[in-house]
Amino acid sequence: MNLFDNLNPMQREAVEYTEGPLLLLAGAGSGKTRVLVNRVANLVQKGVRPFNILAITFTNKAACEMKERIETLLEGTGGVWVSTFHSLCVRILRREISKLGYDAKFTIYDADDSQRIMKQVYKEHNINEKLLPVKAALGAISRQKDILVTAEQFAREAEGDYQQRQIALLYDAYQRKLKANNALDFDDLICKTVELFDKSPETLERYQNRFIYISVDEYQDTNFGQYRLVWMLSRKNNNICVVGDDDQSIYGWRGADIRNILEFERDFPGAKVIKLEQNYRSTKTILAAANGVIQNNVKRKDKELWTENTEGSLITHYTAETDLEEAGYVVDEIVSRAAKAEKYKDFAILYRMNAQSRLFEDRLVRENVPYRVFGGVRFYDRMEVKDVLAYLKALYNPLDDISLRRIINVPRRGIGEESVARLEAYAAEMEVPFYDAVCSWDEITGLPYNGRRVKDFSELLKLLMEDAATRPVTEILDNILKETNYVNELLTAETDHDMAKERVANVMELTAKAAEFKRQAEEAGEEATLAAFLEEVALVADIDAYSEQQDAVALMTMHSAKGLEFDNVFVVGFEEHMFPTSRAIFSASPAQLEEERRLCYVALTRARKRLYVTSAVTRRFYNEQVYNSPSRFLKEIPKELMRAIKSGRPVSAGAERKATLSHVQDGYTKPRTPPVLPKPKTGPPDFSVGNYVNQKKYGRGKVLDIKPAGADYEVTVEFAAGVKKFMAHLSNLERVE
DNA sequence: CTAGGATCATCAATT
DNA sequence: ATGATCCTAG
């Protein structure tokens, strides 16, 4: 097997260059995964033990794919450590975390768990959620963790500013509570690993000796903590290869720091830089469009992708009257193209927000088109799935109050708020975990039913725990369902029958997933322990489930689409305020808009052959009818690359296209549920600049500006609460004196 | 204590 | 529009 066949000179150089720091600037579709895989294979062929190679990826899916490709290439040489940052850290921490005073059986808390913890903190400190929303506090803390600032450090810096001091207090209390529950949140996984290496140089050295060659994919999306971790691990051997594209950095809001890639050469002296600029994925047209957009960003490394692929077809820009019609066009186009021998799995619909998927789903169902939605409410976030998982978590780590409190009255067993409050008070007074309070039910006065209900619950827990230590996760799960009768509870408690059935189906799917997990573990010669299952479940992303096996249209956000490619891509909702979002438009700093533009670049470059962008003149958004103009990014795509179609009437197209489109129109002359549109009145509003108006929500305000927008007028009004914009005829603005 | 109705705020992207 | 929280009656 020659690893260098069919590689271009740049790719070949990257595969060959194995010693010392290497920065691979790899544009979209430039074959970087191939380079990474071949590079690892090259190392192994040179005699490096797979055991000594670490490859970090962004998603579990990417990790699996890479592992498979390496194993195929090397015919079954396992042992290369391929994982995401988070799973790498968990594996290290499971072995080493006792050095930081945590128990090795720590639980990983997701965003929902974190929120519950924080709500408890608010309660204990009597802090008003209105003054500082829980989400805002958690966000602020998360940003600090991203840059490895501890609660103590933050408290020192926060002196003076009241809001900051408040956050410092919350950060500290939140962290203590996590510790008491023997739990880590997502950010902690990274921070604690860095902390561990800081505190224990000999531990760090062990891992440095183990990971002699390290590569990091999607380096543009790493945050400071992750950068620091990589830096520490690679310091000794200095064999670090990072791959990234500053134009595809789309996780700034999550703390990703584009400087990591821009300053790599400074951080790792003597670094070699190789650029991969040849694109193998898209047509010339698609690439030119993407380049046209991204070149409007100021902050970027200079480079331009090119391709030897064909020109391909023009990009279609479809302007629909309504969001409903937009969905109709997209789905009908998919149906008609699929009829011409294309597979459903060759189509993707990409949107900015998960909420946009609904209309497309409705339409796909109606046309009997198989599809899969990624993202949105994750499977593991479903209420019923979380309930069952909470049992598993509580059995595994009895210190995990959050999980224990979640299940104490699920299914209903007559332990309500009152009882929980008593237990809590006891736990606080005796300074013991909540679980101990449950077990000490006989010492607590004032429990309803003489503590009988709590007693039963504590006995149930003990019974389940007996098995939990030794049995495989599948049996533990079956046992929980049997002893609690949870499924039955779902069926009786839920008033909505379809909903109940769906919930039961989800629980069943969870047991199926556990079974599948057990099968895989046994195949690998491992045990399907509770610990391993919980870990897997905590760190999966929805996109990890994406598979090309299923012939189904893929629906996902542009963020989720990163790293994927499709023959035909529809980028929908291509409008101001949708994409770029209002937040980015009104943001004071241009950075947010630049990130939106990079997201646009990512979205456009997902397409191999055909690219569609669609916009609607009007749509329902947060339960309001809004009128948006086409996205500014549309103007950044060179006009000659596009074919514009408005409301079912091709501006320039052949007969074949017309046939398709009349089909679209038919769907709309007799829609099953006619779109309810307000009748836009015409004419200017009955007030002018300088007048005062009244608005339901914001009260009295002064009109600053009125300008035509489609059939209506956009009115800018200054209220006490700030400057807001409205569509004149939709927003019930009344002139007042 | 629980169930069910009323009221209220919220509304990006994710490991 | 939806989901979370609050409130009242059994």
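**Figure 1. Asparagine 623 at DNA strand C in the predicted model.** An N or O atom in the side chain of asparagine 623 is 3.1 Å from a sugar or linking oxygen of DNA strand C. The strand is surrounded by Asn623 together with Lys119 and Arg358.

**Figure 2. Lysine 119 and arginine 358 at the phosphates of DNA strand C.** In the side chain of lysine 119, an N or O atom is 3.2 Å from a phosphate oxygen of DNA strand C. Arginine 358 also places a polar side-chain atom by a phosphate oxygen of this strand, at 3.4 Å.

**Figure 3. The protein surroundings of DNA strand B.** DNA strand B is surrounded by 25 residues, of which the closest are Arg254, Arg352, Arg412, Ala541 and Tyr622. Of the atoms of DNA strand B that come within 4 Å of the protein, 56% belong to sugar and phosphate. Two helices, α19 (417–430) and α27 (590–604), each contribute at least two residues to the surface near the strand.

**Figure 4. Side-chain contacts to bases and phosphate of DNA strand B.** Histidine 86 has a side-chain N or O atom 3.1 Å from a base oxygen of DNA strand B. For arginine 583, the partner is a base nitrogen of DNA strand B, 3.2 Å from an N or O atom in the side chain. Threonine 557 instead faces the backbone of DNA strand B, with a polar side-chain atom 3.3 Å from a phosphate oxygen.

**Figure 5. Helix α11 and its surroundings.** Helix α11 spans residues 224–234 and is largely enclosed by the rest of the structure, because 8 of its 11 residues are buried. The buried residues begin with Gly225, Gln226 and Tyr227, continue with Leu229 and Val230, and end with Met232, Leu233 and Ser234. At the start of the helix, the backbone nitrogen of glycine 225 has a side-chain oxygen of asparagine 223 within 3.0 Å. Glycine 225 is thus found both in this contact and among the buried residues of α11.

**Figure 6. The crossing of helices α6 and α9.** Helix α6 comprises residues 134–146 and helix α9 residues 186–199; their axes come within 9 Å and cross at roughly 25°. This angle, being under 35 degrees, makes α6 roughly parallel to α9. The crossing of the two helices is left-handed. On the α6 side, the residues in contact are Ser142, Lys145 and Asp146, which meet Asp187, Asp188 and Cys191 in α9.

Terms used: Residues are numbered from 1 along each chain as its sequence is written. Chains are lettered from A and ligands numbered from 1 in the order in which they are written. This is a predicted model: local features need pLDDT of at least 70, side-chain atom pairs count only at pLDDT 80 or more; totals for chains, interfaces and linings use all residues. Side-chain values use heavy atoms; hydrogens and water are left out. A residue is near a molecule or strand if one of its heavy atoms lies within 4 Å of it. A polar contact is a pair of N or O atoms within 3.5 Å; within protein, one must be able to donate a hydrogen and the other to accept it, and residues adjacent in sequence count only if both atoms are side-chain atoms. Buried means under 20% relative accessible area, exposed over 50%, partly exposed in between (1.4 Å probe, protein chains only). Helices (H or I, at least four residues) and strands (E, at least two) are DSSP runs, numbered from the N terminus. Axes are lines fitted to C-alpha atoms, for helices over the stretch in contact, and angles run from 0 to 180 degrees between N-to-C directions. Angles under 35 degrees count as roughly parallel, over 145 as roughly antiparallel, 65 to 115 as roughly perpendicular and the rest as oblique. A crossing is left-handed if the near helix is turned anticlockwise from the far one by less than a right angle, and right-handed if clockwise. Contact means heavy atoms within 4.5 Å.
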